[in-house]
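Open the model in your viewer and keep the selection tool at hand. We will go from stop to stop, selecting a few residues each time and looking at what is there.

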Amino acid sequence: MQPHIIAMTVIDEPGVLTKISGLFTRRGFNIDTITVGKTETPDVSRITISLKCNDKTLEQLEKQLNKMIDIIKVINVTNNSIIRELCLVTVNIKDENSRSELVAYTKILPAKIVDMNHKNLTIEFMDEPVKIDEFLERSGPSA
């Protein structure tokens with residue numbers, strides 16, 4: 001099972017996303033992430049889906065998606081993608097030393113503090129999934 005990313009342009013009308021997710025459900029495919037947004041073309045949206053499957057399953061899925069009336073185009077963008085995740089984490093602060101350590105750590109990473117009070121620190125971090133996992137490991141025990 002490999003991670004794959006499929007992007008599709010669809011007609012922007014109610015129920016399209018439900019039809020697409022229904023196809024995944026009926027076929028037993030699990031969606032890891034899904035993102036929907038408008039395009040520069042009126043009445044057209046872009047749906048990006050990530051999932052884990054083998055190449056044969058992916059080929060079958062692409063064929064089934066291409067048969068759907070509401071879908072304009074399906075593209076496998078797995079090899080042309082930069083993958084980033086957004087993580088918002090609130091950390092309880094035990095003492096001033098912990099606070100200073102976390103503030104210093106966020107300065108060396110592409111992270112920023114979005115909220116802070118005497119008990120908590122909320123950090124926004126966007127990076128590769130592996131680096132976010134490392135950040136969560138690092139920030140958990142130190143606070």
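The tour below visits a hairpin, an aromatic pair, a helix and a sheet.

Before you start, note that this is a predicted model, in which local features need pLDDT of at least 70 and side-chain atom pairs count only at pLDDT 80 or more, while totals for chains, interfaces and linings use all residues. Residues are numbered from 1 along each chain as its sequence is written, and side-chain values use heavy atoms, with hydrogens and water left out.

**Stop 1: the hairpin**

Select residues 31-38 and 44-53, which are strand 2 and strand 3. Helices (H or I, at least four residues) and strands (E, at least two) are DSSP runs, numbered from the N terminus. Strand 2 and strand 3 pair in the antiparallel sense over 7 bridges; strands count as paired if DSSP finds at least two bridges between them. For one such bridge, pick Ile34 and look across to its partner Ile49 in strand 3.

Now move to the 5 residues between the strands and click on Asp43. Its phi is near 65 degrees, a positive value in a residue other than glycine. Asp43 is exposed, with a relative accessible area of 59%. Here buried means under 20% relative accessible area, exposed over 50%, and partly exposed in between (1.4 Å probe, protein chains only).

**Stop 2: the aromatic pair**

Next, show the side chains of Phe24 and Phe29. How far apart are the ring centres of Phe24 and Phe29, and at what angle do their planes lie? The centres are 6.0 Å apart and the planes are at 75 degrees, so the pair is edge-to-face. Rings of Phe, Tyr and Trp (its six-membered ring) pair if their centres lie within 6.5 Å; planes under 30 degrees apart count as stacked, over 60 as edge-to-face and the rest as tilted. By this rule the count comes to 1 aromatic pair.

Both Phe24 and Phe29 are buried, with Phe24 at 1% relative accessibility. Phe24 belongs to helix 1 (residues 16-27). While you are there, add Gln64: 40 residues from Phe24 along the chain, its C-alpha atom is 9.8 Å from that of Phe24.

**Stop 3: helix 3**

Select residues 96-108, the 13 residues of helix 3. Colour Ser98, Arg99, Leu102, Val103, Tyr105 and Thr106, which are buried. Looking down the axis of helix 3, you will find its buried residues within an arc of 160 degrees, so they line one face of the helix. That arc is taken over the directions from the helix axis to the C-beta atoms. Give another colour to Glu96, Asn97, Lys107 and Ile108, the exposed residues on the face turned away from the buried side.

At the start of helix 3, show Asp95: one of its side-chain oxygens reaches to within 3.2 Å of the backbone nitrogen of Asn97.

**Stop 4: the open sheet**

Finish with the open sheet of 3 strands, in the order 5-7-6 with antiparallel pairing. Strand 5 (85-92) and strand 6 (111-116) are at the edges with a single partner strand each, so one side of each has no neighbour in the sheet.

Strand 5 and strand 7 (residues 120-127) pair over 8 bridges. Select Val89 to find its bridge partner, Ile123, in strand 7. Then pick Thr122, also in strand 7. Thr122 is buried, with a relative accessible area of 15%.

How values were computed. The expected span of a helix is 1.5 Å times one less than its number of residues. A polar contact is a pair of N or O atoms within 3.5 Å; within protein, one must be able to donate a hydrogen and the other to accept it, and residues adjacent in sequence count only if both atoms are side-chain atoms.
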